[in-house]
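Work through the exercises below with the sequence and the 3D view side by side, and try each task before reading its solution.

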Amino acid sequence: MEPFVSDVYLGNLLAGVDEAGRGPLAGDVVAAAVILDPNNPIDGLNDSKKISEKKRERLYSEIVEKALSFSIARASVAEIDDINILHASMLAMARAINGLPIAAEHALIDGNRVPPQLICSAEAVVKGDARHHAIAAASILAKVTRDREIVAMAETYPQYGFEKHKGYPTAVHLDAIKQHGVCEIHRTSFGPVKRALECN
């Protein structure tokens, strides 16, 4: 896939933006925005889904250390159920961009939509997490953050196995919902959760 080069903005205050957690049945959707330092490159950046958990953790630390600016934000389970997952993802990404300590002048958004109400110009980049290092860095920050949070939730709700499936609709997770019902971090607007509530 061709690397992405913006023909709109050529400066250094360029933020890559991505989210993690659209598909799970539980937990917040988390977004990150990252402005990389061109004088302090990071090797091995790629779509977070294409690299191992161990490598993501290592890169997370390196991104946090070397980035010119980064921000991690979220939309809550309540917001997801209220405005739907697409709009909640857009909201989380907007919060990440607008929360950068060093403001971006332009943002590259993974996907085919640009969130509303941004403080800078932006453009969407389809499959951007595999085409631009800043978006890849954002995907890593978002995924590692969300994974850590959902694994921590396994201590509060051990019956669901969140540490294994991270809230995604695996057979193990669906069986746990059937057996134990839903908990406070389940997204009640998602089909399997909604059906479980209707059966009770």
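**Exercise 1. Two loop residues with positive phi**

Task: State in which loop Lys-127 lies, and decide whether Lys-127 is buried or exposed.

Solution: Lys-127 sits in the loop that links E5 to H4, where helices (H or I, at least four residues) and strands (E, at least two) are DSSP runs numbered from the N terminus. The model is a predicted one, in which local features need pLDDT of at least 70 and side-chain atom pairs count only at pLDDT 80 or more, while totals for chains, interfaces and linings use all residues. Residues are numbered from 1 along each chain as its sequence is written, and side-chain values use heavy atoms, with hydrogens and water left out. The phi angle of Lys-127 is near 55°, a positive value in a residue other than glycine. Its relative accessible area is 52%, so Lys-127 counts as exposed; the classes are buried under 20%, exposed over 50% and partly exposed in between, with a 1.4 Å probe and protein chains only.

Now turn to Gln-117, in the loop between strand E4 (106-110) and strand E5 (121-125). Phi of Gln-117 is near 60°, again positive in a residue other than glycine, and Gln-117 is exposed because its relative accessible area is 74%.

**Exercise 2. A buried serine and its partners**

Task: Find which residues Ser-89 is in contact with, leaving aside its neighbours within four places in sequence.

Solution: Begin with the place of Ser-89, which is in helix H3 (residues 85-98). With a relative accessible area of 0%, Ser-89 is buried. Its contacts, meaning heavy atoms within 4.5 Å, are with Glu-19, Arg-22 and Val-29.

Follow Val-29 next: this residue is found in strand E2 and counts as buried, because its relative accessibility is 0%. The C-alpha atoms of Val-29 and Ala-88 are separated by 7.3 Å, although the two residues are 59 residues apart along the chain.

**Exercise 3. The buried residues of H1**

Task: Name the residues of H1 that are buried, and find what the buried residues pack against.

Solution: Helix H1 covers residues 53-66, which makes 14 residues, and reaches 20 Å from its first C-alpha to its last, close to the 20 Å expected at 1.5 Å a residue; the expected span is 1.5 Å times one less than the number of residues. The buried residues in H1 are Arg-56, Leu-59, Tyr-60, Glu-62 and Ile-63. When reading such a list, recall that an α-helix has 3.6 residues a turn, so residues three or four places apart point the same way. The packing partners of the buried residues of H1 are strand E2 (29-35), strand E3 (69-75) and helix H4 (133-156).

**Exercise 4. The whole chain**

Task: Work out how many helices and strands the protein has, and why its radius of gyration agrees with that of a compact globule.

Solution: The protein holds seven helices and five strands, which follow one another from the N terminus as β-β-α-β-α-α-β-β-α-α-α-α. The radius of gyration, taken over C-alpha atoms, is compared with a globule rule of 2.2 Å times the number of residues to the power 0.38. For 200 residues a compact globule would have a value near 16 Å, and the protein has 17 Å, which agrees. Buried residues make up 49% of the 200 residues, and of the contacts between residues at least 6 apart in sequence, 64% join residues at least 24 apart.
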